[in-house]
Amino acid sequence: MSNEPTSAENPWPVREVNSKVKAWIERLGSVWVEGQLAQVNMKPSWRFSYLTLRDVEAEMSLQVTCDTALLQNAPAPLRDGDRVVVYGKPTFFTGRGSFSLRATEIRPVGVGELLARIERLRQQLASEGLFDASRKLPLPYLPRCIGLITGRGSAAERDVLSVAEDRWPHVNFKVINTAVQGAPAVPEVIAALEALDADPEVDVIIIARGGGSVEDLLPFSEEAMQRAVSRAITPVVSAIGHEPDNPVLDNVADLRAATPTDAAKRVVPDAREELLRLDQLRQRAAAALRGWVDRQQQNLQALRSRPVLADPFTPITRQEEEVQRALTMGRRDITYLLNSHESQVRALRAQVSALGPSATLARGYSVVQVIPRDGSEPEVVTSYEQAPPGSQLRIRVADGSITAASIAHSPAD
């Protein structure tokens with residue numbers, strides 16, 4: 001066998017390539033492989049039987065070859081969909097260039113072991129917080145469009161569509177039919193979920209399936225599906241009509257519905273109930289409005305019955321009367337003060353008149369003044385010494401004055 005590099009001028013023959021591949025593969029040795037039987041081709045007359053083992057979470061398969069006697073001697077007949085663990089040696093057949101796992105032991109995976117695995121996965125996801133209520137997305141009150149993932153022509157599909165349309169005739173659905181059991185179920189459901197989650201028109205997604213055995217419901221407890229649901233940004237409803245051992249999907253989904261029918265009821269509001277609720281709200285609103293109007297009318301009537309509103313000018317009239325009363329009192333007080341002061345002025349005038357020189361002159365007296373020679377103001381003569389002989393005098397009487405001259409003077413006796 002040549003180890004020289006190949007080229008267009010020096011290619012390997014097919015036999016050499018197959019021989020090298022066979023040598024590489026046989027270095028793996030024997031391995032244990034778990035999967036789900038997707039196809040079992042066996043006839044009693046055949047020496048070898050051929051099986052297809054599919055991965056439970058990915059779109060991958062492996063061809064398995066075993067002695068027909070191995071299947072015939074199995075404790076229970078192996079059927080498509082069974083979960084098994086296979087022990088075998090990877091083999092490459094150089095004649096036809098095909099790969100296969102040559103199985104020497106096939107063990108069915110029991111229900112108890114499957115349930116134990118599901119429980120371990122449930123505990124793991126719970127510890128990661130995938131079941132927390134804080135992660136749950138709320139469902140829209142009235143979804144514009146509902147994504148439905150279910151089996152083609154299944155009772156679950158008919159139940160969801162009929163119940164939803166009966167509750168809200170204008171509801172819209174985008175339905176993707178997938179396998180809901182067996183090896184293809186997990187990758188097909190994940191692909192449908194991702195497609196609907198990426199659709200901006202879809203407001204909520206329902207994953208629906210009817211009841212079944214634990215083996216039938218295994219795809220809904222596979223880890224890959226739970227991870228896909230936890231990544232979805234659209235609310236996901238689990239509607240698996242199942243036995244008491246519920247799949248892990250019920251815990252990861254944003255809402256668990258007991259059956260597909262229950263899912264339709266939980267996602268789609270009932271138009272009749274909503275119309276009835278609207279009618280009740282209208283009646284309550286109308287009653288509340290009428291009650292409010294009645295109370296306001298009563299308040300207005302009570303206000304109108306008050307004197308201030310019966311005659312709005314009453315406060316103004318009262319204030320006007322108060323102003324007039326104050327003006328009257330002010331005028332009275334001012335008049336009284338004026339009269340009092342006028343009386344005082346008259347009395348003082350009388351006193352001044354009685355004490356003044358005019359009154360004295362009117363009684364026959366006169367006032368004698370000497371006129372200084374220097375032309376200064378005349379002075380009242382109170383002593384004879386002020387008017388020596390020859391002084392010019394002015395004698396003031398009641399009705400005028402007399403000019404005279406001093407001739408002689410003598411002191412009083």
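Student: How many nonpolar, polar and charged residues does the lining of the largest cavity divide into?
Tutor: The model is predicted, so local features require pLDDT of at least 70 and side-chain atom pairs pLDDT 80 or more, while totals for chains, interfaces and linings use all residues. Residues are numbered from 1 along each chain as its sequence is written, and side-chain values use heavy atoms, without hydrogens and water. The largest cavity (grid points, 1 Å apart, where a 1.4 Å probe fits but cannot get out; lining atoms lie within 4 Å of a point) is bordered by Q36, V56, R83, G182, V186, L218, P219 and E222. With Ala, Val, Leu, Ile, Met, Phe, Trp, Tyr, Cys and Pro as nonpolar, Asp, Glu, Lys and Arg as charged, and the others, Gly among them, as polar, this lining comprises four nonpolar, two polar and two charged.

Student: What volume does the largest cavity have?
Tutor: Searching the whole structure yields one cavity of 30 Å³ or more. Taken as the space filled by probe spheres set on the grid points, the volume of the largest cavity is about 50 Å³.

Student: Which helix gives the most to the lining of the second largest pocket?
Tutor: This pocket (an open set of points with protein on both sides within 12 Å along at least five of seven lines) holds about 180 Å³ of space. Among its lining residues are E57, R83, L218 and E222, and the lining as a whole has four nonpolar, two polar and six charged residues. The main contributor, with six residues, is the helix (a DSSP run of H or I, at least four residues) spanning residues 111–127, α3.

Student: Are α5 and α6 roughly parallel or roughly antiparallel to each other?
Tutor: V186, V189, I190, L193, E194 and D197 of α5 meet A224, M225, A228, V229 and R231 of α6 (heavy atoms within 4.5 Å). This contact has eight nonpolar, no polar and three charged residues. The helix axes lie 10 Å apart at an angle of about 5°. Angles under 35 degrees count as roughly parallel and those over 145 as roughly antiparallel, and the two helices are therefore roughly parallel.

Methods. Axes fitted to C-alpha atoms, helices over the stretch in contact; angles between N-to-C directions. Parallel < 35°, antiparallel > 145°, perpendicular 65-115°, else oblique.
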